[in-house]
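Subject: Structure for you to look at

Hello,

Here is the structure I said I would pass on. Please open it first, then read the notes below with it on screen.

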Amino acid sequence: MGASYQQFCPVAKAMEVLDERWTLLVVRELVAGSRHFNDLRRGLPRMSPSLLSKRLQQLVAAGVVRREPAGTEVHYLLTAAGRELEPVVLALGAWGVRWIGELGDADLDPRLLLWDMHRHVDHAALPAGRTVVHFRFPGTAPRLRDWWLVLTAADADVCDADPGHPVTVTVTAGLRCLTQVWRGDVSWRQALRSSDLRIDGPETLRRALPGWFRTTAFAEVPRPPVPA
């Protein structure tokens, strides 16, 4: 746990557990459904493995997370106390959408974007068989430029190297543009009307692609009116 504020206030006592850097984002990932260490790392790509391990140990010690062996793996699961943080995480995210709307270039990360998209796939909406969506971000560094989602009725995989399957559709977009679409700042229709996003493939699949992804809770948050 973090240093004591030496206050009896329950807010202060809660923040002794939660206010260290990355801690609440680890909780966010657990709320979102991550269970394995490597999955947590993919949702927190700029957090070092050693710091993630330390934060998980602290959350276990605080009774927020439990560490559960599962064969050769270890699962990290929220306890009852941890599950009570879900509305806190959602409320913070909604507040951030409404009042902290500015995104810097450093905030844009295709690794996190594709990881979040993969866990919001509406598998029932997919075409039969395997669907491969190739994402291209021309303005990013070469090693971050190409990504693939391999989707089936039961699974979704994120690949940063060509998985070798035929591509169903290709999305070419500015990273900022697709991030704004995913956050709900602009609609798919608005982005497609601009020059910042293009979908290539058979027409029926191009039209269907936005429906392959469920809207996130944060994308549905009403935005404050734009000042006149």
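**Helix α4**

Helix α4 covers residues 49-61, which is 13 residues, and reaches 18 Å from its first C-alpha to its last, close to the 18 Å expected at 1.5 Å a residue. Keep in mind that this is a predicted model.

Which residues of α4 are buried? They are Leu 52, Arg 55, Leu 56, Gln 58 and Leu 59. These residues are on the same side of α4, because they cover an arc of only 160° around the axis. Ser 50, Gln 57 and Ala 61, on the other side of α4, are exposed.

What do the buried residues of α4 pack against? Their partners are three helices, α1 (10-18), α2 (23-31) and α3 (37-43), and two strands, β1 (65-70) and β2 (73-78). Just after α4 comes Gly 63, which has a positive phi of about 80°.

**The five-stranded sheet**

Further along the chain there is an open sheet of five strands, in the order β5-β4-β3-β6-β7, and the pairing in this sheet is mixed. Its edge strands are β5 (156-159) and β7 (197-200), each of which pairs on one side only. From one strand to the next, the twist averages 15°.

To see one pairing in detail, look at β6 (residues 169-173) and β7: they run antiparallel and are joined by four bridges. Within this part of the sheet, Ala 173 stands opposite Leu 197 in β7.

Two helices to look for are α7 and α8. Helix α7 (residues 110-118) packs on the sheet and touches β3 (131-136), β4 (146-151) and β5. The direction of α7 makes about 10° with that of β4. Helix α8 (residues 175-183) also packs on the sheet, where it touches β3, β6 and β7. The direction of α8 makes about 85° with that of β7.

**Cysteines**

A disulfide is a covalent bond between the sulfur atoms of two cysteines. How many disulfides are counted here? With a cut-off of 2.5 Å between the sulfur atoms, the count is zero.

Where do the cysteines stand on exposure? Cys 9 has a relative accessible area of 27%, so Cys 9 is partly exposed. Cys 177 has a relative accessible area of 9% and is therefore buried. The cut-off for buried is under 20% relative accessible area.

Regards

Definitions and conventions. Residues are numbered from 1 along each chain as its sequence is written. This is a predicted model: local features need pLDDT of at least 70, side-chain atom pairs count only at pLDDT 80 or more; totals for chains, interfaces and linings use all residues. Side-chain values use heavy atoms; hydrogens and water are left out. Two strands pair if DSSP finds at least two bridges between them. Axes are lines fitted to C-alpha atoms, for helices over the stretch in contact, and angles run from 0 to 180 degrees between N-to-C directions. Contact means heavy atoms within 4.5 Å. Buried means under 20% relative accessible area, exposed over 50%, partly exposed in between (1.4 Å probe, protein chains only). The expected span of a helix is 1.5 Å times one less than its number of residues. The arc is that of the directions from the helix axis to the C-beta atoms.
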